[in-house]
Amino acid sequence: MLEEAVLKGPLGDIAEKVFEGERLSREDGIRLMESDDLLAVGFLADFARKKKVGDEVYFINNAHINYTNVCRNLCSFCAFGRPADAEGAYTLSIEEIAQKAEHYRKYEPTEIHIVGGLNPALPFSYYEDMLRTIKEILPQAHLQAFDAVEIDFISEISGLSLEEVLLRLKEAGLGSLPGGGAEIFNPAVRSKICPRKISGERWLEVHATAHRLGIRTNATMLYGHIESLEDRVDHLLALREQQDRTGGFMAFIPLPFHPANTGLKHLPPTTGYDDLKTLAVSRLLLDNFDHIKAFWIMLTPKVAQIALHFGVDDLDGTVREEHIAHDAGAETPQYHPAEEFLRLIREAGRIPVERDTLYNVVRRY
């Protein structure tokens with residue numbers, strides 16, 4: 001029996017904790033990250049997933065809007081951001097955003113996911129007008145918009161506090177925050193890959209403020225660049241500690257680094273082995289997160305499907321248009337129809353569930 005084999009193996013003491021529902025330590029997390037027994041780690045993560053959320057696997061009917069790629073930060077790991085005068089730089093007008101929303105209307109999305117660069121030319125009113133415009137055209141859609149880096153930037157340009165910014169945007173139609181911008185919290189790593197970006201502490205502060213205001217958020221981690229395995233574990237534990245305090249995170253999404261067209265293009269991409277192990281360890285350490293998401297855009301649908309046996313219970317959504325990962329070399333399609341989610345989930349022996357952003361059930365299949 002696999003359970004007995006895992007208990008007798010090198011990870012046996014950790015397995016006992018998992019089976020008893022005990023919280024894992026930093027040392028446990030590092031040992032799991034360093035382990036070469038992928039199947040044992042996956043078995044434990046699958047056990048934790050089933051105990052936490054059962055056999056339902058979620059997906060969402062959503063669409064993305066990347067409103068500008070003009071960005072003052074120009075992080076070395078990013079292939080999306082551009083200086084304002086660079087070839088390929090763009091900023092959508094409110095009218096162009098309205099046209100995108102009109103185009104999406106026929107798909108009846110329950111979520112519009114909105115992120116972009118830090119464009120100093122945009123006033124605060126642009127962000128409010130964007131949300132109001134989309135909400136008028138797609139009143140049924142939840143607007144998950146602006147990661148913590150964007151929220152901090154909007155606070156800076158407007159002179160408003162984080163709380164004031166979030167309340168104003170909520171009034172304009174903001175529903176929740178995505179998890180982007182977290183990257184790796186380690187300051188030394190951050191100083192090399194994104195020196196102009198807000199600190200990990202500030203990222204956590206933005207999310208804590210949102211949680212205090214009743215705004216739910218997601219969390220991410222960008223892995224597979226210059227960080228260490230210890231950095232990954234420390235990142236996860238920082239998220240776990242904040243979730244203990246605020247309880248406002250809905251899902252965790254580990255994001256594999258795509259090096260193509262970035263300042264770190266000399267680095268190799270992540271392997272499927274590393275992707276699956278990172279997802280599994282995330283499930284095991286983040287015992288207070290309900291949902292671990294495999295973002296198929298960056299992982300590929302095939303790896304995301306296998307991840308359903310490594311602690312994952314969410315495959316994200318239909319997307320329809322995405323620039324950030326694809327500018328960095330993602331070769332996946334930009335649209336994944338609901339029928340494909342049903343096939344992937346059922347083949348993995350799980351129950352497909354269409355959800356909304358807040359994990360309310362839209363339809364069980």
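The exercises below, each with a worked solution, concern a predicted model and take up its largest pocket and its cysteines.

**Exercise 1.** Describe the largest pocket by its volume, its lining residues and the elements that contribute to the lining.

*Solution.* Begin with the volume, which for the largest pocket comes to about 260 Å³. Next, turn to the lining, which is made of 13 residues, and among these Val 18, Gly 21, Ala 48, Lys 51 and Asp 287 are the closest to the centre of the pocket. Then ask which elements give two or more residues to this lining: they are helix H4, spanning 38–53, and helix H12, spanning 272–285. Of the contributions, that of H4 is the greatest, at three residues. Finally, sort the lining by class, which yields six nonpolar residues, six charged residues and one polar residue.

**Exercise 2.** Work out why Cys 78 is in no disulfide with Cys 75, and say whether each of the two is buried, partly exposed or exposed.

*Solution.* Start from the structure as a whole, which holds zero disulfides. Take Cys 75 next: the cysteine sulfur nearest to its own belongs to Cys 194 and lies 5.0 Å away, whereas a disulfide requires two cysteine sulfur atoms within 2.5 Å. For Cys 78, the closest cysteine sulfur is the one in Cys 75, and because the distance is 6.4 Å, the two are too far apart for a bond. The last step concerns accessibility: Cys 75 has a relative accessible area of 9% and is therefore buried, while Cys 78, with a relative accessible area of 27%, is partly exposed.

Methods. Residues are numbered from 1 along each chain as its sequence is written. This is a predicted model: local features need pLDDT of at least 70, side-chain atom pairs count only at pLDDT 80 or more; totals for chains, interfaces and linings use all residues. Side-chain values use heavy atoms; hydrogens and water are left out. On a 1 Å grid over the protein atoms alone, a cavity is a set of points where a 1.4 Å probe fits but cannot get out, and a pocket is an open set with protein on both sides within 12 Å along at least five of seven lines; lining residues have an atom within 4 Å of a point. Grid points are joined across faces, edges and corners, and a volume is the space filled by probe spheres set on the points. Helices (H or I, at least four residues) and strands (E, at least two) are DSSP runs, numbered from the N terminus. Ala, Val, Leu, Ile, Met, Phe, Trp, Tyr, Cys and Pro count as nonpolar, Asp, Glu, Lys and Arg as charged, and the others, Gly among them, as polar. Buried means under 20% relative accessible area, exposed over 50%, partly exposed in between (1.4 Å probe, protein chains only).
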